[in-house]
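Colleague: Hey, got a minute to walk me through this model? I'm new to reading structures, so plain words please.

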Amino acid sequence: MVVEEDRQRFMPLPDDREEGRGQVLAYPEAVLLINPIEPQFKGEVDDKYQYSIESRKNQVHGWISMDPPQSTGFWIITPSNEFRSGGPLKQYLASHVGPTALSVFHSTHYSGVDLIMRFGPNESWKKVYGPIFIYLNSLSNGESPTKLWDDARQQTVNEIESWPYRFPASKDFLKAEERGKLEGRLLVHDRYISDAFIPVSSAYVGLASPGEPGSWQRESKGYQFWTITDDKGYFSINNILPGNYSLYSWVKGYIGDYKYDKVINITSGSEVNVGEVVYEPPREGSTLWEIGIPDRSAAEFYVPDPNHKYINRLYLNHTDRYRQYGLWERYADLYPKEDLVYNVSTSDYTKDWFFAQVNRKEEEINNTYEATTWQINFNLENVIANGTYKLRVALASAHFAELQIRVNNNSEGNPALFRSGVIGSENTIARHGIHGFYWLFNVDIEGTLLGQGNNSLFLSQPNNTSPFQGILYWDIVWNEADSTGTTGIYQRVVGTSYKVIVQNDEQLEISFTTTWNPSSMEEKQSPLNIDIRYVMVRNSIGLYCYGIFEHRKEWPAFNIPQIRMVFKLRKDKFDYMAIGDNKQRLMPVPDDRLPPRGKTLSPPEAVLLLDPIEPRFKGEVDDKYQYSSDNKDIKVHGWITSKSETNPAMGFWIIIPSNEFQSGGPLKQNLTSHVGPISLAMFQSSHYAGEDLVVRVQRNESWKKVFGPIFVYLNTITTSSENQQVQPWLWKDAKDQMRKQVQRWPYDFPASGDFHKSHQRGTVYGTLKVQDRFISDEKILAKGAYVGLAPPGAAGSWQTECKGYQFWSQTNKRGFFSINNVLSGSYNLFAWVPGFIGDYCNNVVLTINPGSKINVGEIVYKPPRDGPTLWEIGIPDRSASEFYVPDPNPNYVNKLYLNHPERFRQHGLWERYADLYPNEDLIYTVGHSDYRKHWFFAHVTRKKDDGSYHGTTWQIKFKLYNVQRNGTYKLRLALATANFSELQVRVNNPKEDPPMFTSGAIGKENTIARHGIHGLYRLYNIDVSSHLLVKDENIIFLTQTMANGPFEGIMYDYIRLEAPPPHKRQD
């Protein structure tokens, strides 16, 4: 028989318990084997309760047959304890002589009458017990039977990972998508131990029916869901059945029970984050002395050797030595005349405190037992006579007992200071347990009862009739209308009301809403009605999430820099992050970013890892902005857990099936996943754009927008070979799922009327061509061009559009485009074409109605052009990626981006400019220089030895063999981004004042600091009078004048000089 790793043995037969072979002992389940069939068992005691096991450990047990020709194992596997009564510490019978194997769902063992289910009149009740799994395995004869146990444990792991099962046909058994999740962090605050709020590891945290602290021990009608905290106090309770619960906890090392102060409602798909919860254990003063360990068990106390006549050989020198029969009788052997006396200053509770305060059997009179009184002696140097001392007595179990406490006087006439009353019917002592129900008594002792010097407490157990007496979120950053900048008031979106919108066999949709009222401004709540929806759909393995944000016109004006959804995962589980095919890696943990393991750099989001927990990360820089991506590329990203012997790898993924609700168009960069582990769904942000992309809602303006739905997807490999590369497999599966979700867009299931379905949308299609007569007389097919619909505005205004929706498509090789599933409304048609400068915008506002199919025909973009190209630098693609990106300082690397297409994401590249150009600024000679090698990717400032920063001036040298007098040349300057910069242009005179051209102060995009390669696109078309030019050598001076720090600067996209327009086209 096997119950646990260290609890397995050959077993006697049931015949050995019968009269003649066995002798029934005081407790009838216990039988002394006096003449067993197998002599090896002679003299042992057999009792089914010796093989009991706590619910939290009761996952697999069973039997092995050794009969030839093969060994066979029979196993009961219980993949979840949710349906068992009494919580994780409740003890249950398992396997025992028979051979019998039990799956006990509900019992009063070790609990008594308090765990009896009691039903009232008119009370309906339904509960699903199981499924459990009966598993059989076998081996060829001669092989070690331990292999069968090892195999059963592995099968148990597989079953646990498959929970909740998907196959039960009964609708009463809810599948994963019909369940919820709760997470948070548990801290303990005991100011007499530490002023700090201490994260606690290995604490039990669970959900059970609403009740008082600790009531989960006695809960038997409903379900319970438990987990333990990690080393930082974080916990995650998964696969919770819908219902109302209290959150409970207990912490080893601290007395008492914790209960969260609010009832938690779990619905299908819920992801509830309770944040940091703080348990303040009972405490009124400093500890004077203590006995034992507050762990709800008496296992640390002295457990004697058994009477040699009544042994179970399994438990000789065993950690569960308390499971021997008759240990209660050993008390009288050890204390034949006087009861236990414990001296605080000299005694050791591991040797001197008997594990159970039991009654003593009187030798002269059979079946009569006398009460026992234990004495605790202690010394007090000083006594506060008018103070109140507190005695905390925590019991691990009680059985028809009454605890009486007296102080310094144990005479019969002295009334007890405290009486528990008759407590317990748990029978733990007789059934070889070490705990049952937990009881905590807090007893006041007035200082007048104590004396300076020696004192004694007397703990009496008077009853004497028997020998067996004796624990996901949205947020928004907003500000008032007259505010500036991209920061503001942080608001976690918390629903103040909740409603089930749809609940049927196909779908569950839940709504959490918060409603604004004028007093909310004082409470720092944005003037918005917010409706957060979570949806589970049959056969969709994941959770859909969307939000509806509404501002009514009579409400105050305000600004919104940011709206997002945040997923914080378990750092002890998820360690591998994937953003793209070539952007995935093992990641450090947040602890590595904190001093002294990490050193904060500039900007502060960047941290140099000096002493990370995993040495492989030492010397790397971690910065969340290194993992940003363009909206058009953020389709799926997330995390993967490590595979272990007991847990296969699992993937957590955010899938964004459409960018229509994201601000700033397809090129807007947003955060994705980063160290935490954290995954984000960014709906609105000013990153890489600045104040131009802050939503500004005016007074008397109505505004409503639906963000999402997005899809949260989890995948795993339940079976895999040792050599299988799980990360590529899970990533590929996530991408496959992403494609399925994209194909399903727009979804047909969201219940909100604000989310429009396919039939409520329209289509715009046509063909885009480019006409540039200095390249071709023919119209050029615009291949790979981006064509989109956005609210009406000037050409390029889509970059800073954030209130409405945008819909984008790319042309095929023939320039054809089709923009599908466009929401009803008025739009301009915008486009930009790689290889050509500028932006296209049609002059006609397009009105989309449900079912519209608008053919705009052939549209022609005429990019800015006055004359033929004399020279050009770069590629007009709205990015600086083609220019020279240096190797990083070896002291500040991110290994992912070594030899990577996105090498620009390394930290500190702005400082490399001064390394490459220590004395003189960049000089580029047309015809000789190569922009891929000689044009630095960012026009940055230079840091001087005194710590100050100075502007820099770059030179473009070029020759003109002829200068057309009285003509106007055109300099096209396309910028990929700018941050607190001013670009000045001069020709052949670096000291010209004023300059020929100045951009003025431009940009708040912070792209350089945030490892981007583009931000907002700008195009300057600058007239250059021919009188400024000379035959032969010419120089254009580009000066970036603003220099208050390292992050001011410009990235160029493309530069071109055109000759004056010819009067007549010439070859």
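Modeller: Sure, we'll go through a helix, some strands, the salt bridges and a few single residues.

Colleague: Before we start, what kind of model is this?

Modeller: This is a predicted model.

Colleague: OK, helix 1 then. How many residues does helix 1 have, and how far does it reach?

Modeller: Helix 1 covers residues 146–162, which is 17 residues, and it reaches 25 Å from its first C-alpha to its last. That is close to the 24 Å expected at 1.5 Å a residue.

Colleague: Which residues of helix 1 are buried?

Modeller: Leu-148, Trp-149, Ala-152, Gln-155, Thr-156, Val-157 and Glu-159 are buried. An α-helix has 3.6 residues a turn, so residues three or four places apart point the same way.

Colleague: And what do the buried residues of helix 1 pack against?

Modeller: They pack against several strands, including strand 7 (60–65), strand 8 (70–77) and strand 12 (133–140).

Colleague: Strand 12, got it. Does anything in there show up at the surface? I mean, is Ile-134 buried or exposed?

Modeller: Somewhere in between: Ile-134, which lies in strand 12, is partly exposed, because its relative accessible area is 42% and the buried label needs under 20%. Together with Phe-74 and Leu-136, Ile-134 forms a nonpolar patch on the surface, with about 280 Å² of accessible area together.

Colleague: Switching topic. Why is strand 15 described as largely enclosed?

Modeller: Strand 15 runs over residues 204–208, and 5 of its 5 residues are buried, so it is largely enclosed by the rest of the structure.

Colleague: Which way do the residues of strand 15 point?

Modeller: Tyr-204, Gly-206 and Ala-208 point one way, while Val-205 and Leu-207 point the other way. That fits a general pattern: in a regular strand the side chains alternate between the two faces of the sheet.

Colleague: What does strand 15 pair with?

Modeller: Strand 15 is joined to strand 16 (residues 225–228) by 4 bridges, and to strand 18 (residues 243–250) by 5 bridges. Strand 15 runs antiparallel to strand 16, and antiparallel to strand 18 as well. Take Gly-206: it stands opposite Trp-226 in strand 16 and opposite Tyr-248 in strand 18.

Colleague: Nice. Now salt bridges: how many salt bridges are there?

Modeller: The count comes to 64 salt bridges. One of them joins Lys-126 and Asp-172, with the closest N and O atoms 3.2 Å apart. Lys-126 is in the loop between strand 11 (100–101) and strand 12, and Asp-172 is in the loop between helix 1 and strand 13 (180–188), so the pair ties together parts that are 46 residues apart in sequence.

Colleague: Are Lys-126 and Asp-172 buried or exposed?

Modeller: Lys-126 is exposed, at 60% relative accessible area. Asp-172 is partly exposed, at 40%.

Colleague: What about a salt bridge between buried residues?

Modeller: Try Arg-564 and Asp-475: their side chains meet in a salt bridge at 2.9 Å, N to O. Arg-564 sits in strand 37 (residues 558–568) and Asp-475 in strand 31 (residues 473–480), 89 residues apart, so to speak a link between distant parts of the chain. Arg-564 is buried, and Asp-475 is buried too.

Colleague: Which residues are linked in a network of salt bridges?

Modeller: Asp-866, Lys-970, Arg-972, Asp-1023, Arg-1056 and Glu-1058 are linked that way.

Colleague: What is the strand order in the open sheet of 3 strands?

Modeller: The order is 40-41-42, with antiparallel pairing. Strand 40 and strand 42 are the edge strands, each pairing on one side only. Strand 41 and strand 42 are joined by 2 bridges, and Val-607 has Asp-622 in strand 42 as its bridge partner.

Colleague: Last one, two single residues. Where are His-674 and Lys-337?

Modeller: His-674 is in strand 47 (residues 673–674), and Lys-337 is in the loop between helix 2 (330–334) and strand 22 (341–343). His-674 counts as buried because its relative accessible area is 10%, whereas Lys-337 counts as exposed at 71%.

Colleague: What does His-674 touch?

Modeller: Leaving out residues up to four places away in sequence, His-674 touches Met-577, Met-587, Lys-624, Tyr-627, Trp-639 and Leu-680.

Definitions and conventions: Residues numbered from 1 in each chain as written. Predicted model: local features only at pLDDT ≥ 70, side-chain atom pairs only at ≥ 80, totals over all residues. Heavy atoms only, no water. Buried < 20%, exposed > 50% of the residue type's maximum accessible area, 1.4 Å probe, protein only. Contact = heavy atoms within 4.5 Å. Pairing = 2+ DSSP bridges. Expected span 1.5 Å × (residues − 1). Salt bridge = Lys/Arg side-chain N within 4 Å of Asp/Glu carboxyl O. Patch = residues over 30% accessible without salt bridge, like charges linked within 9 Å, V, L, I, M, F, W, Y side chains within 5 Å. Areas by Shrake-Rupley, 256 points an atom, 1.4 Å probe, with all protein chains shown as cover.
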